[in-house]
Amino acid sequence: KRGAKGAGGVPSKAAGEHPEYGACARFDELPLSKKTKDGLRKAGYTEMSEIQRAALPHALCGRDVLGAAKTGSGKTLAFVIPVLMSAATLNLGSSLEQEEASECIHCLAEVVSKFPVKPFAAATLCQALEKLYRERWGPEDGVGCIVLSPNKDLAGQIFNVFQKVGKLHGFSAACIVGNRKGLDEEKAVINNMNILVCTPGRLLQHMGETTNFDCSQIQILVIDEADQVLDKNFQEQVDNVVSQLPKVRQTLLFSATQTKSVKDLARVSLKDPEYISVHEEA
Ligand code: ADP
Ligand code: MG
(Lines give C-alpha, C1' and ligand atoms only; values in the text may rest on other atoms or scores of the structure.)
(Ligands and ions follow the chains in the order given, each with its own letter.)
Protein backbone atom coordinates (compact mmCIF):
# COMPACT_ATOMS: atom_id res chain seq x y z
CA LYS A 1 0.00 0.00 0.00
CA ARG A 2 1.45 3.31 -0.97
CA GLY A 3 0.86 6.77 0.39
CA ALA A 4 0.01 5.70 3.91
CA LYS A 5 0.06 8.36 6.55
CA GLY A 6 3.53 8.47 8.02
CA ALA A 7 4.18 8.17 11.71
CA GLY A 8 5.21 11.13 13.83
CA GLY A 9 2.65 13.44 12.29
CA VAL A 10 4.41 13.55 8.94
CA PRO A 11 1.80 13.58 6.19
CA SER A 12 2.36 11.21 3.28
CA LYS A 13 1.16 11.97 -0.20
CA ALA A 14 0.19 9.32 -2.66
CA ALA A 15 3.40 8.54 -4.46
CA GLY A 16 4.30 7.70 -8.01
CA GLU A 17 1.48 9.68 -9.56
CA HIS A 18 3.74 11.34 -12.07
CA PRO A 19 1.63 12.11 -15.17
CA GLU A 20 4.39 11.05 -17.56
CA TYR A 21 6.58 8.66 -15.61
CA GLY A 22 4.27 7.35 -12.89
CA ALA A 23 3.33 4.33 -14.97
CA CYS A 24 6.88 3.46 -16.00
CA ALA A 25 7.93 -0.01 -14.95
CA ARG A 26 11.43 -0.22 -16.43
CA PHE A 27 14.49 1.96 -15.96
CA ASP A 28 14.86 2.50 -19.69
CA GLU A 29 11.46 4.25 -19.80
CA LEU A 30 12.80 7.06 -17.61
CA PRO A 31 14.58 10.07 -19.09
CA LEU A 32 18.08 8.92 -18.13
CA SER A 33 21.35 9.42 -19.96
CA LYS A 34 22.58 6.64 -22.21
CA LYS A 35 25.50 5.93 -19.88
CA THR A 36 23.22 5.50 -16.89
CA LYS A 37 20.81 3.31 -18.86
CA ASP A 38 23.65 1.16 -20.20
CA GLY A 39 25.24 0.95 -16.74
CA LEU A 40 21.95 -0.27 -15.26
CA ARG A 41 21.40 -2.81 -18.01
CA LYS A 42 24.93 -4.19 -17.74
CA ALA A 43 24.53 -4.49 -13.99
CA GLY A 44 21.40 -6.57 -14.61
CA TYR A 45 18.79 -4.01 -13.56
CA THR A 46 15.78 -3.66 -15.85
CA GLU A 47 12.51 -3.58 -13.89
CA MET A 48 12.13 -0.96 -11.18
CA SER A 49 11.11 -1.89 -7.65
CA GLU A 50 8.19 -0.05 -6.02
CA ILE A 51 10.31 2.48 -4.14
CA GLN A 52 12.32 3.17 -7.30
CA ARG A 53 9.16 3.71 -9.36
CA ALA A 54 7.77 6.05 -6.75
CA ALA A 55 10.91 8.00 -5.85
CA LEU A 56 12.89 8.34 -9.08
CA PRO A 57 10.60 10.73 -11.03
CA HIS A 58 10.61 13.12 -8.05
CA ALA A 59 14.31 12.81 -7.29
CA LEU A 60 15.27 13.15 -10.95
CA CYS A 61 13.53 16.48 -11.27
CA GLY A 62 15.52 17.86 -8.37
CA ARG A 63 12.98 17.60 -5.57
CA ASP A 64 13.79 16.61 -2.03
CA VAL A 65 12.54 13.14 -1.17
CA LEU A 66 11.85 11.34 2.08
CA GLY A 67 11.52 7.70 1.11
CA ALA A 68 10.63 4.79 3.35
CA ALA A 69 10.61 1.16 2.28
CA LYS A 70 11.66 -2.00 4.02
CA THR A 71 15.19 -3.40 3.88
CA GLY A 72 15.90 -5.13 0.60
CA SER A 73 13.41 -3.09 -1.41
CA GLY A 74 16.04 -1.37 -3.56
CA LYS A 75 16.47 2.03 -1.93
CA THR A 76 20.11 2.31 -3.00
CA LEU A 77 19.32 2.70 -6.69
CA ALA A 78 16.61 5.22 -5.83
CA PHE A 79 19.39 7.65 -4.89
CA VAL A 80 22.40 6.33 -6.86
CA ILE A 81 20.64 7.09 -10.17
CA PRO A 82 19.73 10.73 -9.34
CA VAL A 83 23.27 11.28 -8.04
CA LEU A 84 24.79 9.94 -11.24
CA MET A 85 22.43 12.08 -13.32
CA SER A 86 23.20 15.16 -11.28
CA ALA A 87 26.94 14.58 -11.49
CA ALA A 88 26.67 14.07 -15.23
CA THR A 89 24.66 17.27 -15.56
CA LEU A 90 27.40 19.13 -13.75
CA ASN A 91 29.91 17.63 -16.10
CA LEU A 92 31.83 16.26 -13.14
CA GLY A 93 34.43 13.60 -13.72
CA SER A 94 37.41 13.02 -15.86
CA SER A 95 35.60 12.15 -19.06
CA LEU A 96 34.24 15.71 -19.32
CA GLU A 97 31.89 14.96 -22.14
CA GLN A 98 29.86 17.95 -23.08
CA GLU A 99 27.48 15.83 -25.10
CA GLU A 100 26.68 13.72 -22.08
CA ALA A 101 26.12 16.80 -19.92
CA SER A 102 23.80 18.35 -22.51
CA GLU A 103 21.89 15.10 -22.78
CA CYS A 104 21.39 15.01 -19.02
CA ILE A 105 20.27 18.62 -18.93
CA HIS A 106 17.79 17.79 -21.66
CA CYS A 107 16.52 14.83 -19.64
CA LEU A 108 16.11 17.00 -16.55
CA ALA A 109 14.39 19.73 -18.47
CA GLU A 110 12.00 17.13 -19.87
CA VAL A 111 11.13 15.81 -16.43
CA VAL A 112 10.67 19.31 -15.07
CA SER A 113 8.47 20.41 -17.94
CA LYS A 114 6.15 17.43 -17.51
CA PHE A 115 6.09 17.42 -13.77
CA PRO A 116 3.63 19.56 -11.81
CA VAL A 117 6.35 21.16 -9.76
CA LYS A 118 5.60 24.30 -7.93
CA PRO A 119 6.78 27.32 -9.92
CA PHE A 120 9.32 28.13 -7.24
CA ALA A 121 10.96 24.71 -7.45
CA ALA A 122 10.96 24.74 -11.24
CA ALA A 123 12.49 28.20 -11.34
CA THR A 124 15.16 27.27 -8.81
CA LEU A 125 16.07 24.19 -10.76
CA CYS A 126 16.22 26.03 -14.07
CA GLN A 127 18.42 28.66 -12.48
CA ALA A 128 20.76 26.04 -11.09
CA LEU A 129 20.95 24.23 -14.40
CA GLU A 130 21.64 27.40 -16.32
CA LYS A 131 24.31 28.47 -13.89
CA LEU A 132 26.13 25.16 -13.90
CA TYR A 133 25.87 24.78 -17.61
CA ARG A 134 27.45 28.18 -18.13
CA GLU A 135 30.13 27.46 -15.57
CA ARG A 136 31.05 24.18 -17.25
CA TRP A 137 32.14 22.24 -14.24
CA GLY A 138 35.28 20.17 -14.60
CA PRO A 139 37.13 17.53 -12.62
CA GLU A 140 38.85 20.20 -10.56
CA ASP A 141 35.46 21.19 -9.17
CA GLY A 142 35.68 18.45 -6.60
CA VAL A 143 32.89 17.00 -4.52
CA GLY A 144 29.38 17.42 -5.91
CA CYS A 145 27.51 14.72 -4.02
CA ILE A 146 27.76 13.35 -0.50
CA VAL A 147 26.09 10.17 0.72
CA LEU A 148 25.95 9.65 4.49
CA SER A 149 25.68 6.12 5.80
CA PRO A 150 25.64 5.00 9.45
CA ASN A 151 28.44 2.43 9.16
CA LYS A 152 31.30 1.27 7.00
CA ASP A 153 29.63 -1.94 5.80
CA LEU A 154 26.58 -0.15 4.39
CA ALA A 155 28.79 2.60 2.97
CA GLY A 156 30.84 -0.07 1.21
CA GLN A 157 27.70 -1.61 -0.29
CA ILE A 158 26.53 1.76 -1.59
CA PHE A 159 29.95 2.50 -3.00
CA ASN A 160 29.86 -0.83 -4.88
CA VAL A 161 26.53 0.10 -6.47
CA PHE A 162 27.99 3.44 -7.60
CA GLN A 163 30.94 1.63 -9.13
CA LYS A 164 28.76 -0.92 -10.87
CA VAL A 165 26.02 1.33 -12.21
CA GLY A 166 28.29 4.34 -12.75
CA LYS A 167 30.95 2.35 -14.57
CA LEU A 168 30.40 4.13 -17.88
CA HIS A 169 30.44 7.60 -16.34
CA GLY A 170 33.77 9.28 -15.71
CA PHE A 171 33.16 10.33 -12.11
CA SER A 172 35.55 9.70 -9.31
CA ALA A 173 34.02 8.31 -6.14
CA ALA A 174 35.45 7.34 -2.78
CA CYS A 175 34.31 5.48 0.28
CA ILE A 176 35.38 7.58 3.26
CA VAL A 177 34.68 5.46 6.31
CA GLY A 178 37.63 5.68 8.57
CA ASN A 179 39.45 2.43 8.31
CA ARG A 180 39.46 1.15 4.78
CA LYS A 181 42.42 3.38 4.06
CA GLY A 182 44.60 5.43 6.32
CA LEU A 183 43.60 9.01 6.98
CA ASP A 184 46.63 10.37 5.11
CA GLU A 185 45.81 8.28 2.09
CA GLU A 186 42.24 9.64 2.09
CA LYS A 187 43.50 13.20 2.50
CA ALA A 188 45.68 12.76 -0.56
CA VAL A 189 42.76 11.85 -2.82
CA ILE A 190 39.61 13.31 -1.31
CA ASN A 191 39.90 16.70 -3.02
CA ASN A 192 39.78 15.00 -6.42
CA MET A 193 36.59 13.09 -5.73
CA ASN A 194 33.19 13.96 -7.21
CA ILE A 195 31.08 11.57 -5.13
CA LEU A 196 31.78 10.70 -1.51
CA VAL A 197 30.12 7.88 0.41
CA CYS A 198 30.91 8.58 4.07
CA THR A 199 30.23 7.88 7.67
CA PRO A 200 29.39 11.16 9.46
CA GLY A 201 32.36 11.07 11.83
CA ARG A 202 35.00 10.54 9.20
CA LEU A 203 33.56 13.22 6.92
CA LEU A 204 33.61 15.66 9.82
CA GLN A 205 37.24 14.77 10.48
CA HIS A 206 38.14 15.68 6.89
CA MET A 207 36.14 18.90 7.13
CA GLY A 208 38.24 19.83 10.13
CA GLU A 209 41.66 18.56 9.14
CA THR A 210 42.07 18.18 5.42
CA THR A 211 43.66 21.12 3.66
CA ASN A 212 41.48 22.68 0.96
CA PHE A 213 38.67 20.16 1.50
CA ASP A 214 35.65 22.06 0.24
CA CYS A 215 32.02 20.94 0.35
CA SER A 216 30.57 24.33 -0.53
CA GLN A 217 29.58 23.22 -4.02
CA ILE A 218 27.69 20.04 -3.26
CA GLN A 219 24.45 19.61 -5.19
CA ILE A 220 22.98 16.53 -3.54
CA LEU A 221 23.09 15.30 0.04
CA VAL A 222 21.85 11.74 0.47
CA ILE A 223 21.20 10.30 3.92
CA ASP A 224 20.71 6.57 3.77
CA GLU A 225 19.29 4.73 6.79
CA ALA A 226 18.12 8.18 7.82
CA ASP A 227 16.51 6.97 11.03
CA GLN A 228 19.94 5.82 12.23
CA VAL A 229 21.95 8.74 10.86
CA LEU A 230 19.54 11.28 12.39
CA ASP A 231 19.54 9.41 15.68
CA LYS A 232 20.92 11.14 18.78
CA ASN A 233 24.11 9.08 18.63
CA PHE A 234 25.12 10.93 15.48
CA GLN A 235 23.34 14.20 16.22
CA GLU A 236 26.32 16.39 17.02
CA GLN A 237 28.38 15.10 14.10
CA VAL A 238 25.55 15.28 11.57
CA ASP A 239 24.46 18.78 12.61
CA ASN A 240 28.06 19.92 12.33
CA VAL A 241 28.44 18.35 8.86
CA VAL A 242 25.15 19.81 7.60
CA SER A 243 26.07 23.27 8.89
CA GLN A 244 29.07 23.20 6.53
CA LEU A 245 27.05 22.29 3.44
CA PRO A 246 25.38 24.80 1.12
CA LYS A 247 21.72 25.51 1.92
CA VAL A 248 20.73 25.36 -1.74
CA ARG A 249 20.97 21.71 -2.62
CA GLN A 250 18.84 18.62 -3.17
CA THR A 251 18.40 16.36 -0.16
CA LEU A 252 17.32 12.73 -0.41
CA LEU A 253 16.50 10.76 2.75
CA PHE A 254 15.88 7.03 2.72
CA SER A 255 15.15 4.64 5.53
CA ALA A 256 13.32 1.44 6.33
CA THR A 257 10.76 3.21 8.49
CA GLN A 258 9.06 6.56 8.05
CA THR A 259 9.21 7.76 11.59
CA LYS A 260 10.99 11.04 11.15
CA SER A 261 9.76 13.84 13.27
CA VAL A 262 9.33 17.26 11.76
CA LYS A 263 12.17 18.37 14.01
CA ASP A 264 14.58 15.85 12.47
CA LEU A 265 13.61 16.95 8.96
CA ALA A 266 14.20 20.57 9.89
CA ARG A 267 17.73 19.65 10.98
CA VAL A 268 18.62 18.71 7.43
CA SER A 269 16.42 21.46 5.96
CA LEU A 270 14.35 19.39 3.56
CA LYS A 271 12.52 21.71 1.19
CA ASP A 272 8.95 20.84 0.28
CA PRO A 273 9.87 17.14 0.17
CA GLU A 274 7.91 14.39 -1.49
CA TYR A 275 6.98 11.87 1.20
CA ILE A 276 7.08 8.38 -0.21
CA SER A 277 6.17 5.36 1.83
CA VAL A 278 6.11 1.95 0.21
CA HIS A 279 4.88 -1.08 2.07
CA GLU A 280 4.68 -3.92 -0.36
CA GLU A 281 2.27 -6.67 0.59
CA ALA A 282 4.18 -9.61 1.98
P1 ADP B 1 17.58 -1.48 0.56
O2 ADP B 1 18.60 -0.37 0.58
O3 ADP B 1 16.17 -0.99 0.37
O4 ADP B 1 17.70 -2.39 1.73
P5 ADP B 1 19.14 -2.42 -1.68
O6 ADP B 1 19.23 -1.18 -2.44
O7 ADP B 1 20.32 -2.80 -0.86
O8 ADP B 1 17.86 -2.39 -0.73
O9 ADP B 1 18.74 -3.60 -2.68
C10 ADP B 1 18.50 -4.91 -2.22
C11 ADP B 1 18.87 -5.92 -3.32
O12 ADP B 1 17.97 -5.78 -4.41
C13 ADP B 1 20.25 -5.74 -3.86
O14 ADP B 1 20.86 -7.00 -4.03
C15 ADP B 1 20.04 -5.08 -5.21
O16 ADP B 1 21.06 -5.41 -6.12
C17 ADP B 1 18.69 -5.64 -5.62
N18 ADP B 1 17.92 -4.72 -6.49
C19 ADP B 1 17.67 -3.42 -6.24
N20 ADP B 1 16.93 -2.88 -7.22
C21 ADP B 1 16.70 -3.86 -8.13
C22 ADP B 1 16.01 -3.91 -9.38
N23 ADP B 1 15.37 -2.85 -9.88
N24 ADP B 1 16.01 -5.10 -10.05
C25 ADP B 1 16.64 -6.17 -9.52
N26 ADP B 1 17.32 -6.18 -8.37
C27 ADP B 1 17.34 -5.06 -7.65
MG1 MG C 1 19.98 0.26 1.98
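## The shell around ligand 1

In what follows, Ala, Val, Leu, Ile, Met, Phe, Trp, Tyr, Cys and Pro count as nonpolar, Asp, Glu, Lys and Arg as charged, and the others, Gly among them, as polar. By that division, the shell around ligand 1 in this predicted model holds four nonpolar, seven polar and two charged residues.

There are 13 residues around ligand 1, and those that come nearest are Thr-71, Ser-73, Gly-74, Lys-75 and Thr-76. Among the contributors to this shell, helix 3 gives the most, with three residues.

## Helix 3 beside helix 2

Helix 3, which covers residues 75–89, also packs against helix 2, which covers residues 50–60; their axes come within 9 Å and cross at roughly 25°. Angles under 35 degrees count as roughly parallel, and helix 2 and helix 3 are therefore roughly parallel to each other. Their crossing is right-handed.

On the side of helix 2, the contact involves Ile-51, Gln-52, Ala-55, Leu-56, Ala-59 and Leu-60, which meet Lys-75, Leu-77, Ala-78, Phe-79, Ile-81, Pro-82 and Met-85 of helix 3. Taken together, the residues of this contact comprise 11 nonpolar, one polar and one charged. Lys-75 thus has a place in two settings, since it is listed in the contact with helix 2 and is also one of the residues that come nearest to ligand 1.

## Helix 3 beside helix 6

Helix 3 has a further partner in helix 6, residues 152–165, and the two pack at an angle of about 50°, with their axes 10 Å apart. That angle makes helix 3 oblique to helix 6, and the crossing between them is right-handed.

In this contact Thr-76, Leu-77, Val-80 and Leu-84 of helix 3 meet Ile-158, Val-161, Phe-162 and Val-165 of helix 6. The residues involved divide into seven nonpolar and one polar, with no charged residue. Leu-77 of helix 3 appears here as well as in the contact with helix 2, while Thr-76 takes part here and is also listed among the residues nearest to ligand 1.

## The stretch annotated as a Q motif

An unreviewed UniProt entry places the feature "short sequence motif: Q motif" at residues 25–53. Over residues 25–53 the chain is 45% helix and 0% strand, and the C-alpha atoms at its ends are 7 Å apart.

## Helix 8 and helix 10

Later in the chain, helix 8 (residues 200–209) and helix 10 (residues 235–243) have axes that come within 9 Å and cross at roughly 45°. This crossing angle makes helix 8 oblique to helix 10, and helix 8 passes helix 10 in a left-handed crossing.

Helix 8 makes the contact through Pro-200, Gly-201, Leu-203, Leu-204 and Met-207, and helix 10 through Gln-237, Val-238, Asn-240 and Val-241. Six of the contact residues are nonpolar, three are polar and none is charged.

Key:
Residues numbered from 1 in each chain as written. Chains lettered and ligands numbered in written order. Predicted model: local features only at pLDDT ≥ 70, side-chain atom pairs only at ≥ 80, totals over all residues. Axes fitted to C-alpha atoms, helices over the stretch in contact; angles between N-to-C directions. Helix = DSSP H or I, 4+ residues; strand = E, 2+ residues; numbered from the N terminus. Parallel < 35°, antiparallel > 145°, perpendicular 65-115°, else oblique. Left-handed = near helix turned anticlockwise from the far one by under 90°. Contact = placed C-beta atoms within 7 Å. Near = placed C-beta within 6 Å. UniProt positions renumbered as here; feature names shortened; annotations may be inferred.
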